[in-house]
Amino acid sequence: MILNRGIDSDDYGGDRGSRTNPRDPARDRPPPLELPFTIGDLARLRHQVTRRAENAGLCDPRLGDFVLAVHEVASNAIVHGGGKGHIHLDHTDDGLRCVITDNGPGLARPLNGHGIDIDIGSSVDDEAENGRGLWLAEALADRLDITVGDTGTTVTLVALLP
């Protein structure tokens, strides 16, 4: 004789009789991606962000745009933030939120209420070999927020899902 004591429909996701178990989309999401990174981790980071974004439902061309924006910000964290950074990528109710932090000295631009004045489009020098990373990330993400503090810079990128 097999007894199934204590097993309720909520424990295994099934239905019993007229009871229904509404599906909670947040419960089906993977845990956030949390990783420290250095320059040697950028390729792996791009692959993991791509996989997470695909699984969340982001499709090309927006998929490629978001991954490139994340790559640019992560590269900036390495170059300007002491050679390393940290990524937190989470699937929210509205989309994907990627927070990249570093421990560098911050940006040398004037601060505003969001952290810095991101009038990036007017500051891009066509002759410069670099300096387009934040401009590109702002153009490719649905939202870009930058906060500069005493302990480093935090950049939040958002890609809204359809």
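Biologist: Where does P61 lie?
Modeller: This is a predicted model, where local features need pLDDT of at least 70 and side-chain atom pairs count only at pLDDT 80 or more, while totals for chains, interfaces and linings use all residues. Residues are numbered from 1 along each chain as its sequence is written, and side-chain values use heavy atoms, with hydrogens and water left out. Helices (H or I, at least four residues) and strands (E, at least two) are DSSP runs numbered from the N terminus. On that numbering, P61 lies in the loop between α2 and α3.

Biologist: Which residue does a cis peptide bond join to P61?
Modeller: Look at the peptide bond that leads into P61, where omega is about 5°. That makes a cis bond, and the residue joined to P61 by it is D60.

Biologist: In what sequence do the elements of the protein run from the N terminus on?
Modeller: Start with the inventory: the protein has 4 helices and 5 strands. Read from the N terminus on, the elements give α-β-α-α-β-β-α-β-β.

Biologist: What is the order of the strands in the open sheet?
Modeller: Two strands pair if DSSP finds at least two bridges between them. By that rule there is an open sheet of 5 strands with antiparallel pairing. At its edges are β1 (33–37) and β4 (143–149), each of which pairs on one side only. Put together, the order is β1-β2-β3-β5-β4.

Biologist: Which residue of β5 stands opposite I146?
Modeller: β4 and β5 (residues 152–160) run antiparallel and are joined by 7 bridges, and a hairpin of 2 residues links the two strands. You can follow the ladder along it: R143 has V158 as its bridge partner, and L144 has L157. Opposite I146 you will find V155.

Biologist: And which residue of β5 does I100 face?
Modeller: Here the neighbour is β3 (95–101), an antiparallel partner of β5 with 7 bridges between them. The residue in β5 opposite I100 is V155.

Biologist: How many of the 9 residues of β5 are buried?
Modeller: Buried means under 20% relative accessible area, exposed over 50%, and partly exposed in between, with a 1.4 Å probe and protein chains only. Across the 162 residues of the protein, 35% count as buried. β5 is mostly covered, and its buried residues number 7.

Biologist: Which helix packs on the sheet?
Modeller: Contact means heavy atoms within 4.5 Å. The helix in question spans residues 62–80 and touches β1, β2, β3 and β5. Its name is α3.

Biologist: What share of the contacts with a separation of 6 or more comes from residues 24 or more positions apart?
Modeller: One distant pair makes a nice illustration: L161 and R62 are 99 residues apart in sequence, yet their C-alpha atoms are 9.5 Å apart in space. L161 sits in the segment after β5 and, beyond its neighbours within four places, is in contact with A56, G57, L58, H91, D94 and G95. For the protein, the share asked for is 56%.

Biologist: Why does D90 count as buried?
Modeller: D90 has its place in strand β2. Leaving out residues up to four places away in sequence, D90 touches P32, G95, L96 and R97. D90 counts as buried because its relative accessible area is 18%.

Biologist: How much space lies in the largest cavity?
Modeller: A cavity is a set of points on a 1 Å grid over the protein atoms alone where a 1.4 Å probe fits but cannot get out, and its lining residues have an atom within 4 Å of a point. Grid points are joined across faces, edges and corners, and a volume is the space filled by probe spheres set on the points. The count comes to 1 cavity of 30 Å³ or more. The space in the largest cavity is about 80 Å³.

Biologist: Which elements each supply at least two residues of the lining of the largest cavity?
Modeller: The lining consists of P30, P31, P32, R52, N55, A56, L89, D90, H91 and L96. The elements that each supply at least two of the lining residues are α2 (42–56) and β2 (85–91).

Technical notes
On a 1 Å grid over the protein atoms alone, a cavity is a set of points where a 1.4 Å probe fits but cannot get out, and a pocket is an open set with protein on both sides within 12 Å along at least five of seven lines; lining residues have an atom within 4 Å of a point. Axes are lines fitted to C-alpha atoms, for helices over the stretch in contact, and angles run from 0 to 180 degrees between N-to-C directions.
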